[in-house]
Amino acid sequence: MGYKRILTIQDISCVGQCSLTVALPILSAAGHETCILPSAVLSTHTAGFSGYTFRDLTDDIPDIAAHWKKEKIGFDGIYTGYLGSTRQIGYVREIIGSLGNKGSVSFVDPAMADNGKLYPAFDDEYVKEMVTLVSAADIILPNITEACFLTGTEYKERYDEEYIDLLLKRLRSVGAKTVILTGVGYSEDATGVLVYDDKGKAYYQHKKISKNSHGTGDVYASAFVGAYMSGMNAYDAAKTAADFTVRTIENTIDDEGHWYGVKFEPVLPYYIEQIKKIDA
Ligand code: PXL
């Protein structure tokens with residue numbers, strides 16, 4: 001489906017294999033021009049490191065967006081992840097509304113919570129604003145914890161299909177169009193992803209690797225966006241991203257010292273092979 005220009009808005013964690021240091025190489029590997037808008041600059045991510053620096057770039061965003069408008073720069077896809085402040089979410093919503101080319105697709109990964117808890121930087125006000133961004137997006141990619149916060153649903157570690165159906169219904173009622181719900185597993189050794197839109201729902205189950213890996217949400221979302229923008233439908237993109245992410249965890253699991261992210265780079269050739277099959 002050709003070469004697209006994608007804007008991704010998320011933080012630069014200088015060290016930590018998440019957000020922009022993951023999105024840029026993966027979207028580039030999918031064969032797309034990847035433009036960035038850093039939401040904040042941190043010395044590391046916030047999950048497991050202590051004493052990290054944090055520079056909020058919220059105040060730079062309106063001028064950057066105004067310059068792009070003046071230059072008539074538009075994007076075929078806009079993909080947002082970890083943001084720098086509650087106020088920033090309004091600016092990001094405006095960018096989604098005004099800088100998309102004709103037929104552009106917006107992707108929102110709420111990137112604010114995991115394992116039943118919000119990340120340290122976020123609070124209820126942030127969640128409330130994130131609901132407005134989710135409702136403005138074409139495709140959202142929450143995990144179960146984020147879906148619970150977005151819909152005011154109690155988080156459960158063990159659940160059944162009825163609980164997941166309720167979450168999906170509630171996500172739709174807050175305005176989400178296509179939902180890619182990650183980390184959905186109905187048994188101990190399996191997990192998977194649910195793709196839900198107005199045509200219904202489809203589930204892709206895959207291997208669960210018993211390790212809680214940092215940054216895999218960002219690896220997954222970036223691989224999904226790259227595949228979708230390359231012409232895959234939502235289900236195939238969800239499956240491709242899952243197969244890639246599982247391989248990145250397998251590539252990391254034996255390295256005890258590598259706790260802060262996944263070694264996705266050596267797996268990029270596999271991802272590129274999957275993307276190449278689209279046009280073959
Ligand atoms: O992977 C999500 C993420 C992105 N950016 C920062 C984070 C996290 C998760 O903790 O701390 C700064």
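How far is an oxygen atom of the ligand from an N or O atom in the side chain of D218? The distance is 2.8 Å. Keep in mind that this is a predicted model.

Let's stay with the ligand. Taken alone, the ligand exposes 310 Å². The protein buries 95% of that.

Two further side chains belong in this picture. T46 has a side-chain N or O atom 2.6 Å from an oxygen atom of the ligand. D11 faces a nitrogen atom instead: a ligand nitrogen is 2.7 Å from an N or O atom in the D11 side chain.

Now the whole shell. Going along the chain, the residues around the ligand start with D11, S13, C18 and S19. Then come L42, H45, T46 and A47. Y82, Y119 and D218 complete the list. By class, that shell holds five nonpolar residues, four polar ones and two charged ones. D11 and D218 are the charged pair. Both have turned up already, D11 with a ligand nitrogen and D218 with a ligand oxygen.

Next, a pocket. I mean the second largest one. How much space lies in it? About 160 Å³. Which helices each supply at least two residues of its lining? They are α8, residues 234-250, and α9, residues 268-279.

Here is the lining of that second largest pocket, residue by residue. M232, D236, K239, T240 and D243 are on the list. So are Y270, Q274, K277 and I278. Sorted by class, the lining has four charged, three nonpolar and two polar residues. The charged members are D236, K239, D243 and K277.

Last topic: salt bridges. How many does a search of the whole structure find? Twelve. I'll show you one of them. The side chains of E129 and R93 meet, with N to O at 3.3 Å. Where do the two partners sit? E129 is in helix α4, residues 124-136. R93 is in helix α3, residues 86-98. The two residues are 36 apart, and the pair links distant parts of the chain.

Definitions and conventions. Residues are numbered from 1 along each chain as its sequence is written. This is a predicted model: local features need pLDDT of at least 70, side-chain atom pairs count only at pLDDT 80 or more; totals for chains, interfaces and linings use all residues. Side-chain values use heavy atoms; hydrogens and water are left out. A residue is near a molecule or strand if one of its heavy atoms lies within 4 Å of it. A polar contact is a pair of N or O atoms within 3.5 Å; within protein, one must be able to donate a hydrogen and the other to accept it, and residues adjacent in sequence count only if both atoms are side-chain atoms. Accessible areas come from the Shrake-Rupley method with a 1.4 Å probe; for residues, only the protein chains shown count as cover. On a 1 Å grid over the protein atoms alone, a cavity is a set of points where a 1.4 Å probe fits but cannot get out, and a pocket is an open set with protein on both sides within 12 Å along at least five of seven lines; lining residues have an atom within 4 Å of a point. Grid points are joined across faces, edges and corners, and a volume is the space filled by probe spheres set on the points. Helices (H or I, at least four residues) and strands (E, at least two) are DSSP runs, numbered from the N terminus. A salt bridge is a side-chain nitrogen of Lys or Arg within 4 Å of a carboxyl oxygen of Asp or Glu.
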